[in-house]
Amino acid sequence: MKGTKSNQRMLEKAVHLVFLILGLTAVASVLVITVYLFISGVPAIGKIGIIDFLFGKTWTSTSAEPQYGILPFILTSVYGTAGAVIIGVPVGFLCAVYIAKVAPSGIKSVMSSVVGLLAGIPSVVYGLIGMLVIVPAIMKVFNIPDGASLLAAILVLSVMILPSVIKVSVTALEAVPKEYEDASLALGATKIETYFKVSVPAAKSGIAASIVLGVGRAIGEAMAVMMVAGNVANMPSLFQSVRFLTTAVASEMSYSSGLQREALFSIALVLFLFIMLINAILNALMKRGGNEDEK
Amino acid sequence: MRRKIKNTFLAAITHFAAVLVAALSFSLVAYVLIKGIPNISWELLSTKPSYLKGTIGILPDILNTVYLVIATLLIVLPLGVGSAVYLTEYAKSRRLKAAIEFACETLSGIPSIIYGLAGMLIFCQFFKLGTSLLAGALTLVVMNLPTIIRTTQESLKTVPISYRDGAFALGAGKWRVIRTVVLPSSVDGIITGCILSVGRILGESAALLFTAGVAHSMNGFFDAMKSSGASLTVSMYVYAKERGEFETAFAIAAILMILTLIINLCATLVGRYFERRRKI
């Protein structure tokens with residue numbers, strides 16, 4: 001009898017240990033990814049020089065005297081993301097207000113599945129549509145020789161960030177206590193005034209989080225951008241072919257070697273640091289939203 | 001009067017935004033299906049590409065995608081469900097719990113191109129798996145880990161404490177309670193997690209480009225795991241961007257779009273089914 005009891009205890013301990021190890025896989029993955037990106041990204045920055053690398057304006061990795069300046073990529077990523085946010089966020093935000101507050105319940109569930117569908121469309125499909133619809137359209141409308149440009153990337157990205165912006169904003173807006181809205185309505189405000197002056201301010205952390213999430217999506221998107229942005233390492237300009245941080249990594253990876261390859265890992269490290277910054281902001285916003293709920 | 005104009009304006013732009021999003025989604029789906037479905041033929045679906053005959057077939061890509069889904073789920077399910085069980089049933093240290101949750105949030109924010117690069121460095125080079133479906137699947141495992149953990153955790157939280165207490169009171173050990181009471185009641189979360197992951201695996205391309213490669217050879221499951229193979233998304237990218245075969249690209253896009261529709265429908269139906277069952 002005693003034997004089985006101690007066996008039982010051994011088993012429980014073993015199971016606990018197994019679950020602990022499984023629980024730590026996520027932490028281990030993050031650590032390994034971070035360490036690997038630093039190990040493979042730092043050496044090239046050292047060789048090129050951090051100033052030349054981050055602020056150099058020319059990227060000619062395949063020429064006889066290669067130059068590795070990634071300022072064009074950084075600025076393109078920043079401008080591209082900003083453009084996508086300027087177009088995508090207002091539409092997404094208003095659509096979220098509609099879904100969360102205005103829509104009758106039948107339309108609401110239809111709209112939610114529409115947004116779910118937008119989120120589920122693979123990025124290569126967005127890229128393909130961008131390549132065959134948006135790029136030729138830009139070429140015709142603005143009468144330029146090649147439509148593959150920063151503008152095309154911005155338009156594609158602004159559609160791609162819509163689902164993230166809408167979903168998170170809707171959740172935040174739905175979490176606003178009904179009493180707030182009832183009080184506002186009782187004071188004589190109209191419904192639409194209540195939504196915009198009471199519900200939206202009450203959900204502002206969540207809405208801010210949705211925008212940051214959209215920024216993260218836009219800055220990290222690679223395949224769709226690769227298919228529409230033309231992929232030449234120019235300084236960013238709306239109607240020129242440009243290269244983003246993500247596409248800089250993806251486009252040369254398959255044939256790179258030596259310092260060029262190491263420099264690509266350094267670009268990935270810069271991108272990773274951008275994402276980490278965005279994640280930190282997102283976490284802070286989410287936490288603030290959570291605290292507001294508790295009050 | 002000004003107030004009235006302002007109200008009308010706000011109402012108008014809100015409705016306009018919603019109509020815009022709906023119209024955009026509808027036309028995206030319609031465009032891809034109209035351009036793609038006529039190009040789907042039995043020959044395309046059932047053969048592999050042949051340079052001799054100059055024909056294109058996507059059967060190897062379909063098989064590779066199926067293999068990737070199976071391999072990824074087989075590995076990620078035990079890991080993700082185990083993590084979720086640890087978080088809700090075992091973890092006592094608040095710090096450790098916060099660390100795991102923070103790690104999950106970080107993982108879900110990392111863009112797929114970074115996963116592709118890290119997967120290439122870690123699985124292909126360090127573990128010497130080479131460019132292979134297994135390396136691709138392992139990369140996808142890390143990507144999907146947060147999804148499985150979150151959905152399982154959410155459904156574990158809804159298992160009433162009284163179920164656990166009841167089982168403990170009958171003298172069951174912790175492992176037995178987890179096995180017989182906790183896990184069976186969390187099947188809904190696990191299934192939802194699987195559906196979401198399948199959707200993500202089907203749509204993933206950047207992470208697979210450098211880990212699973214672009215080959216079109218046809219293999220059985222275990223041989224395929226060891227060799228390079230393109231998924232549907234990756235081969236669509238190659239056909240569209242590098243070879244200019246837009247007809248094939250649209251055919252694949254249409255297939256992906258139909259799969260996305262099916263997966264979204266499944267997710268909604270499963271969600272509704274379990275919600276109803278929980279109320280009973």
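**Chain A and its contact with chain B**

Me: Is helix α13 (residues 245-253) of chain A buried or exposed?
Reply: In this predicted model, seven of the nine residues of helix α13 of chain A are buried, so the helix is largely enclosed by the rest of the structure.

Me: Which residues of α13(A) are buried?
Reply: They are A:L245, A:T246, A:T247, A:A248, A:V249, A:A250 and A:E252. A residue counts as buried if 20 or more other C-beta atoms lie within 10 Å of its own.

Me: And how much of chain A is buried?
Reply: Buried residues are 50% of the 295 residues in chain A.

Me: What helices and strands does chain A have?
Reply: Chain A has 14 helices and two strands.

Me: What is the radius of gyration of chain A, next to that of a compact globule?
Reply: Chain A has 24 Å, whereas a compact globule of 295 residues would have a value near 19 Å. The C-alpha trace of chain A spans about 75 × 70 × 35 Å along its principal axes.

Me: What share of the contacts in chain A is between residues 24 or more positions apart?
Reply: Such pairs account for 72% of the contacts in chain A with a separation of 6 or more.

Me: Changing topic: how many residues does each chain put into the contact?
Reply: Chain B gives 70 residues and chain A gives 62 residues.

Me: Which part of chain B gives the largest share of the side that touches chain A?
Reply: Helix α1 (residues 2-36) of chain B does, with 16 residues.

Me: How do the residues on that side of chain B divide into nonpolar, polar and charged?
Reply: On the side of chain B that touches chain A, 50 are nonpolar, 17 are polar and three are charged.

Note on methods
Residues are numbered from 1 along each chain as its sequence is written. Chains are lettered from A and ligands numbered from 1 in the order in which they are written. This is a predicted model: local features need pLDDT of at least 70, side-chain atom pairs count only at pLDDT 80 or more; totals for chains, interfaces and linings use all residues. Two residues are in contact if their C-beta atoms, placed from the backbone, lie within 7 Å. Helices (H or I, at least four residues) and strands (E, at least two) are DSSP runs, numbered from the N terminus. Ala, Val, Leu, Ile, Met, Phe, Trp, Tyr, Cys and Pro count as nonpolar, Asp, Glu, Lys and Arg as charged, and the others, Gly among them, as polar. The radius of gyration is taken over C-alpha atoms; the globule rule is 2.2 Å times the number of residues to the power 0.38. A residue is buried if 20 or more other C-beta atoms lie within 10 Å of its own, exposed if 12 or fewer, and partly exposed in between; C-beta atoms are placed from the backbone.
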